[in-house]
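Biologist: I'd like a close look at just one part of this model. Could you pick a single residue, tell me whether it is buried or exposed, and then work outwards from there?

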Amino acid sequence: MFSFAYPKLLLLLLLVPAFVALYAWARYARRKNLRKFGNIKVLGPLMPEVSPYKPPIKITLQMIALGLMIIALARPWGGVKDEKTVKEGIEVVIAVDASNSMLASSTGEENGIDRMRTAKLVLEKLINRLDNDRVGLIVYAGDAYTLIPVTSDYVSAKMFLNSIDPYQIDNQGTNIAAAIDMATKSFSEDKKIGKAIILITDAEDLEDRQSVMDAAKTAAKNDIQLDVVGLGSTTPVPIPIKGGGYLIDPETGEPVRTVLNEDLAAEVASAGKGIYVNASNKDALNELDKQLGTVKKTALESSFSAIHDELFGIFAWIALGFLVLDIFVLDRKIGWLDKITFFKKEEKK
């Protein structure tokens, strides 16, 4: 089967007979003008360098090259062949803390960028690096909820990520154990696929520390890597509330202040055979990406696509060959060839 990607360009082949006709007219006009000066056979010896057969050869070479270049521009296809594409990657479930403390500043300053915003920025950059991997999204506070199942649709994943708002979650708390358990159940059942959980938290006010450690260890036993990204600083900062002001402790009447519990976050990561990184660290994303690279990649999916066998190069190279040949064909006669007599009249006896 022979076809073209841009068949309309083949109309340019009409230029070939047009140029040949123009050449023929020019040759006719030249001979007509020469007749004004005398008989062509008599004038021939007066122009010893002019070759009568070189110009037709050159125009033939040029027109062949032009035709081949036009065919090459039309992008000829020589048929269709199947190409198999295999995507290798891992499955990653991201569990995002959406407790009220995530509304607090991620720095030591009260008016600094909030932890939730920092988490979204870090995760969006991470998702952009996942390439062929699949990603799922879980949000948790007092309970854990699946926001998006494991998917290759990164656009939707980032859209749901940006929709997370602690103000919309009534059941507050920091139930990390529930988040890890739900993330563990969110993966596919294929044990050959590498799996990892990325836990985003400030690791404060855990409801049941022992259950968190047990959940992390269970994930590790199931060959699921658990990495923890810490949000916040070790400097206590107040927690903003909707409508302005800060969250108040009803017992003391003072604003509730929150800090990042790095020791506990690192302990959870260690139990889950992963690493802990602080989101404020400029190398945090690279370290996390490097750690995910240790998870064994496997073929997630394979697809067949029909592609055409491109013949553009063949026609282009042949056209170039004719152009180079045309350069070496000069208009004047070949001296040594002119001395050879191919046909000789017999003398009458």
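Modeller: Sure, let's start at Arg129, which is partly exposed, with a relative accessible area of 36% (buried means under 20%, exposed over 50%, partly exposed in between, using a 1.4 Å probe and protein chains only). Keep in mind that this is a predicted model, so local features need pLDDT of at least 70 and side-chain atom pairs pLDDT 80 or more, while totals for chains, interfaces and linings use all residues. Numbering runs from 1 along each chain as its sequence is written, and side-chain values use heavy atoms, with hydrogens and water left out.

So who does Arg129 hold on to? Its side chain meets that of Asp289 in a salt bridge, with 3.5 Å from N to O (a Lys or Arg side-chain nitrogen within 4 Å of an Asp or Glu carboxyl oxygen). This pair links distant parts of the chain: Arg129 sits in helix α4 (residues 115–129) and Asp289 in helix α9 (residues 284–292), 160 residues apart (helices are DSSP runs of H or I, at least four residues; strands are runs of E, at least two). Asp289 counts as partly exposed too, at 30% relative accessibility.

Now move a little further along the chain from Arg129. Asp133 forms a salt bridge with Lys297, and their closest N and O atoms are 3.5 Å apart. Again distant parts are linked: Asp133 is in the loop between α4 and β4, Lys297 is in the loop between α9 and β11 (298–310), and 164 residues separate the two. The ends of this bridge have unlike surroundings, because Asp133 is buried at a relative accessible area of 6%, while Lys297 counts as partly exposed at 42%.

Next comes Arg134, whose salt bridge partner is Glu91, with 3.3 Å between the closest N and O atoms. Here strand β4 supplies Arg134 and strand β3 supplies Glu91, 43 residues apart in the chain. Both Glu91 and Arg134 are buried. In total the structure holds 5 salt bridges, and you've now met some of them.

That last pair takes us into a sheet. It's an open one of 6 strands, in the order β5-β4-β3-β6-β7-β10, with mixed pairing (two strands pair if DSSP finds at least two bridges between them). β5 (144–151) and β10 (276–278) each have a single partner strand, so they stand at the edges with one side left without a neighbour in the sheet. From one strand to the next, the twist averages 15° (angles run from 0 to 180 degrees between N-to-C directions of axes fitted to C-alpha atoms, for helices over the stretch in contact).

Look at β6 (residues 195–201) and β7 (residues 224–230): they run parallel and are joined by 7 bridges. Ile200, for instance, stands opposite Val229 in β7. Helix α5 (residues 154–162) packs on the sheet, touching β3 (91–97), β4 (134–140) and β5, and its direction makes about 15° with that of β4 (contact means heavy atoms within 4.5 Å). Helix α6 (residues 176–186) packs on the sheet as well, reaching β3, β4, β5, β6 and β7, at about 25° to the direction of β5.

Stepping back, the protein chain has 11 helices and 11 strands, and 38% of its 349 residues are buried. Among its contacts with a separation of 6 or more, 79% are between residues 24 or more positions apart.
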